[in-house]
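Hi,

Here is the structure I said I'd pass on. Have a look at it first, and then read on for what turned up when I went through it.

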Amino acid sequence: MATLLVKNGRVITADSDGVCDILVEGETIAAIGKNLPMQADETIDATGKLVMPGGIDPHVHLDMPFMGTFSSDTHETGTRAALHGGTTTVIDFVLQKQGHSLREALTEWQGRATGTAVGDYSFHMAVTDFNPSTKEEIKDMVAEGITSFKTFMAYKGALMIDDAQMVGLMQEVKKHGGLVTAHATNGDLIDTLIAQHRAAGQLTPRYHYLSQPEVTEAEASGRFCDIANYTGVNAYIVHLTCEGALNQVRRATERNQRVFVETCIQYLLLDASVYQDEFEGAKWVMSPPLREKKDQQTLWAGINQGLVQVVGTDHCPFMWEQKLMGKDDFSRIPNGHPAIEHRMELLFSEGVMKGRISPQKFVEVTSTNAAKIFGMFPRKGTISIGADADLVLIDPKKKHVISAATHHMNVDYSAYEGHELTGKITTVLLRGQVAVDAGETKVARGYGQFIRRGPVKF
Ligand code: URP
Ligand code: ZN
Ligand code: ZN
């Protein structure tokens, strides 16, 4: 079995921090300690570097049919770009087509990802049509290692389910020990505001933002928490953006309910000032939209308060030409933006290096908590004996600049063009293999494995 020694790095997990060596045998970690005496086939000198668990991004949309087109990163290009940014495992969304089965959707997504992904991946199942036959399939999905079920409370006519379906789904998922997640915004209210703006000829990207005010998210987040509390299911809100929504989660904790919360890197760093009447703002047209500075403060605080456990991306890239589908009508701009490659470096630079979060908190929110919530811990999400050797080496002092000219995502613009970051990921290991080193990909298409998941262990 091939062996590899990572020597003398500052090894940081969610609950430890110290200089030591890590011995990798095959795909897993075999020993951790100071000055390990073993020899290995290959040695990486990590002196002066931070060594952290491989990142887990639990919110990505790869090769996804959406709003009349497909997101532009495939499972190959998306997971490769993720590896360059230190994310070794992603969880992608399978979308049930209304009127069709969960199994059909899963088969379609397996067809796209199997043998093409470069990094490890798993699937959430998005239930867009809960009915007696879908109900029967929930246990089959859990048996496949798909234990999280996504709901959309918006995108009516395509993805949205109503509250009756939500209750039924939650009751069934609870029986099988799974987790229900939600895109928690009020679809009817949003659709009404979109219709009003269109009728008034207000068609620029700014009106995307104005069609999804904070109340649309706060209301749905509260409703989701309430229905989850009633059914007793494990609940998780995806891409939470604002104070009003987080206050609904805070309220839920007061009755001793636990609702997991994910925010995304863009909601911590970018704000709604990008939405003007110029079409340029389409780069950041996503749902929910970017919010206000006060919401950023709430989210950073929420991370440190333990109310926000995960920072993902909601990576859903579209080429500029695809964004132009909405040049005369904001409601036709494909929703989503590219971020899979830079989540870890952005959060490290803006969070750890600027003193907003500790290195341990960084590991928690980029890796460990997602592994625990989504049933992959301790195989993923930590550095411990027996865990997959998914490791990220960061040079904390190295500066670099984000640009579409150098990124690996299959998209022709960057949402962070010109941002200067402190802290560069230099080497990434995935299951014991050097996957990325000094900017070069070292593993091939098809190296990525499907990761079967179990119940929440948080
Ligand atoms: O704008 C977004 N978020 N696009 C992807 C689909 C979703 O709502 O997560
Ligand atoms: Zn969403
Ligand atoms: Zn999403």
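Let's start with the metals: the zinc ion (ligand 2) and the zinc ion (ligand 3) sit 3.7 Å apart. Keep in mind throughout that this is a predicted model.

**The zinc pair**

What holds the zinc ion (ligand 2) on the protein side? His 183, through ND1, and His 239, through NE2, coordinate the ion at 2.0 to 2.1 Å. His 183 belongs to strand S12 (residues 179–183), while His 239 is in the loop between strand S13 (234–237) and helix H8 (243–254), so these two histidines tie together parts that are 56 residues apart in sequence. Both His 183 and His 239 are buried. The geometry is not tidy: the four donor atoms of the zinc ion (ligand 2) make angles of 57 to 150°, and the site is irregular.

The zinc ion (ligand 3) has a separate set of ligands: His 59 (NE2), His 61 (NE2) and Asp 314 (OD) coordinate it at 1.9 to 2.1 Å. Along the sequence, these donor residues follow the spacing H-x1-H-x252-D. Why is the arrangement around the zinc ion (ligand 3) called irregular? Its four donor atoms subtend angles of 86 to 136°, and a tetrahedral call needs all angles to lie between 85 and 135 degrees. As for the two histidines here, His 59 counts as buried at 0% relative accessibility, and His 61 counts as buried at 5%.

**Pockets**

The largest pocket holds about 470 Å³ of space. Its lining is made of 22 residues, and those nearest the centre are Met 67, Tyr 155, Asp 191, Ile 194 and Ser 331. Strand S7 (65–66) and helix H5 (187–199) are the elements that give two or more residues to this lining. H5 supplies the largest share, with five residues. By class, the lining of the largest pocket splits into 10 nonpolar, nine polar and three charged residues.

The second largest pocket comes in at about 270 Å³. There are 19 residues in its lining, with Glu 341, Glu 345, His 400, His 408 and Lys 424 nearest the centre. Here the elements that give two or more residues are strand S16 (391–401) and strand S17 (420–430). The lining of the second largest pocket has five nonpolar, 10 polar and four charged residues.

**Cavities**

How many cavities of 30 Å³ or more does a search of the whole structure find? The search gives three. The largest cavity has a volume of about 110 Å³ and is lined by 15 residues. Nearest its centre are His 61, Phe 66, Tyr 155, Asp 314 and Asn 335. Some of those names will be familiar: His 61 and Asp 314 also coordinate the zinc ion (ligand 3), and Tyr 155 is also among the residues nearest the centre of the largest pocket. By class, the lining of the largest cavity has seven nonpolar, seven polar and one charged residues.

**Aromatic rings**

A search of the whole structure turns up 11 aromatic pairs. One of them is Tyr 209 with Tyr 275: the ring centres are 5.6 Å apart and the planes lie at 20°, so this pair is stacked. The pair links distant parts of the chain, with Tyr 209 in helix H6 (residues 206–210) and Tyr 275 in the loop between helix H9 (265–269) and helix H10 (293–305), 66 residues apart. Tyr 275 is buried, with a relative accessible area of 2%.

Stacked or edge-to-face: which is the pair of Phe 348 and Phe 362? Their ring centres are 5.6 Å apart and their planes are at 80°, so the pair is edge-to-face. Phe 348 is in helix H12 (residues 343–352) and Phe 362 in helix H13 (residues 359–373), so this contact ties together parts that are 14 residues apart in sequence. Phe 348 and Phe 362 are both buried.

Last, ring pairs join Phe 66, Phe 152 and Tyr 155 into a cluster. Two members of that cluster, Phe 66 and Tyr 155, are among the residues nearest the centre of the largest cavity, which brings the rings back to the residues around that space.

Cheers

Key. Residues are numbered from 1 along each chain as its sequence is written. Chains are lettered from A and ligands numbered from 1 in the order in which they are written. This is a predicted model: local features need pLDDT of at least 70, side-chain atom pairs count only at pLDDT 80 or more; totals for chains, interfaces and linings use all residues. Side-chain values use heavy atoms; hydrogens and water are left out. Donors are N, O and S atoms within 2.8 Å of the metal (3.2 Å for Na, K and Ca); water is not among the atoms, so sites may look incomplete. Four donors count as tetrahedral if all angles lie between 85 and 135 degrees; four count as square planar and six as octahedral if opposite donors are over 155 degrees apart and all others between 65 and 115; anything else is irregular. Helices (H or I, at least four residues) and strands (E, at least two) are DSSP runs, numbered from the N terminus. Buried means under 20% relative accessible area, exposed over 50%, partly exposed in between (1.4 Å probe, protein chains only). On a 1 Å grid over the protein atoms alone, a cavity is a set of points where a 1.4 Å probe fits but cannot get out, and a pocket is an open set with protein on both sides within 12 Å along at least five of seven lines; lining residues have an atom within 4 Å of a point. Grid points are joined across faces, edges and corners, and a volume is the space filled by probe spheres set on the points. Ala, Val, Leu, Ile, Met, Phe, Trp, Tyr, Cys and Pro count as nonpolar, Asp, Glu, Lys and Arg as charged, and the others, Gly among them, as polar. Rings of Phe, Tyr and Trp (its six-membered ring) pair if their centres lie within 6.5 Å; planes under 30 degrees apart count as stacked, over 60 as edge-to-face and the rest as tilted.
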